[in-house]
Amino acid sequence: MLAGAITTASGLLFIASTDDNRFRALDTRTGKELWIAKLEHRGNANPLTWQAGGRQFVGVVATDSLVVYALP
């Protein structure tokens, strides 16, 4: 792994620095994979999260791109 993971107050763990170029959300209580997205490149930084306009976002740098998703 090239980078770490982050967790949210709601119990989600996000990780993206895996060999299969996937960005994942896991339930911290059960370890169950809740969401997965294919990245064009490997995530090579710790994921980040922020709120704007009442929405929460999660993102990760994957080689030379910032990939961002809005949480429901």
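This is a short tour of the strands in a predicted model, with a stop at one threonine.

Start with the whole sheet. Select β1, β2, β3 and β4: these four strands form an open sheet in that order, with antiparallel pairing. β1 and β4 (33-38) are at the edges and have a single partner strand each, so one side of each lacks a neighbour in the sheet.

Next, select threonine 8. This residue lies in the loop that runs between β1 (6-7) and β2 (12-15). Is threonine 8 buried or exposed? Its relative accessibility is 12%, and because buried means under 20%, threonine 8 counts as buried. Show Phe14 and Gln56 as well: threonine 8 touches both, leaving aside residues up to four places away in sequence.

Stay with Phe14 and move to the pairing of β2 with β3. These two strands are joined in the antiparallel sense over four bridges, and β3 covers residues 22-27. Phenylalanine 14 stands opposite alanine 25 in β3, and leucine 12 stands opposite aspartate 27 in that strand. Follow the chain through the hairpin of β2 and β3, where six residues lie between the strands; asparagine 21 there takes a positive phi near 55 degrees.

Finally, select β3 together with β4. Their antiparallel pairing runs over five bridges. To pick out one of the pairs, label leucine 26 and its bridge partner in β4, glutamate 33. The hairpin formed by β3 and β4 has five residues between the strands. In its turn, select glycine 31, which has a positive phi of about 80 degrees.

How values were computed. Residues numbered from 1 in each chain as written. Predicted model: local features only at pLDDT ≥ 70, side-chain atom pairs only at ≥ 80, totals over all residues. Heavy atoms only, no water. Buried < 20%, exposed > 50% of the residue type's maximum accessible area, 1.4 Å probe, protein only. Contact = heavy atoms within 4.5 Å. Pairing = 2+ DSSP bridges.
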